[in-house]
Amino acid sequence: MPSFKGQYEHSVDNKGRVAFPAKLRKLVNPEAQDKFTILRGLEPCLYLYPQDRWEQVENRLSKINSFTLKGRTVIRNFLRYAEDLSLDKQNRLSLPAHLMEYSIIDSAAIFIGSGDRIEIWSPDKLNEADSDLSQEYYQELFEQVMGDEYEPGD
């Protein structure tokens, strides 16, 4: 299954509709049938999952122990803002108003392929996040996250 990658900026109309990037659309599994789940991200952005990949997320969530406070809190706060949506005939998404407000998306949205999901950012919020990320800090993060994973011959 190909992963989502790249960055694409599109305008958002006054009804909250935004064109879904064609290059990302080509990577959506036909089984998803242009259906998605959108929700708040862990940063001030939105997470967008095609239906087939959302099912994998729900499978992981079902394994969380809901008899613990931590488990209930994670499940509740991850799912409480989730909504199902579909592409319209013009291949646009209608972003829910409460999610646009959370992510501060108004006239433009940046779609970022992030492996199994797509992140949708306000250009201003993405610039803020990027301004905090120096090349040196990114290199350090990359080495911490990926350094132990690499094995010669991979």
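How many helices and strands are there in the protein? There are 6 helices and 8 strands, where helices (H or I, at least four residues) and strands (E, at least two) are DSSP runs, numbered from the N terminus. This is a predicted model, so local features need pLDDT of at least 70 and side-chain atom pairs count only at pLDDT 80 or more, while totals for chains, interfaces and linings use all residues. Residues are numbered from 1 along each chain as its sequence is written, and side-chain values use heavy atoms, with hydrogens and water left out.

**Overall layout**
- From the N terminus, the elements go β-β-α-β-β-α-α-β-β-α-β-β-α-α.
- The C-alpha trace spans about 45 × 40 × 30 Å along its principal axes.
- Of the 154 residues, 32% are buried (under 20% relative accessible area; exposed is over 50%, partly exposed in between; 1.4 Å probe, protein chains only).

**Cores**
- The largest nonpolar core (buried Ala, Val, Leu, Ile, Met, Phe, Trp, Tyr and Cys joined through side-chain atoms within 4.5 Å) has 22 residues, and Phe 20, Leu 48, Leu 93, Phe 111 and Ile 120 have the most contacts inside it.
- Strands E3 (35-40), E4 (46-50), E7 (108-114) and E8 (117-121), plus helix H4 (97-103), each supply at least two residues of this core.
- Another core, of 12 residues, lies apart from that one, with Tyr 49, Trp 54, Phe 78 and Ile 110 among them.

**Tyr 137**
- Tyr 137 sits in helix H6 (residues 135-146).
- With a relative accessible area of 39%, Tyr 137 is partly exposed.
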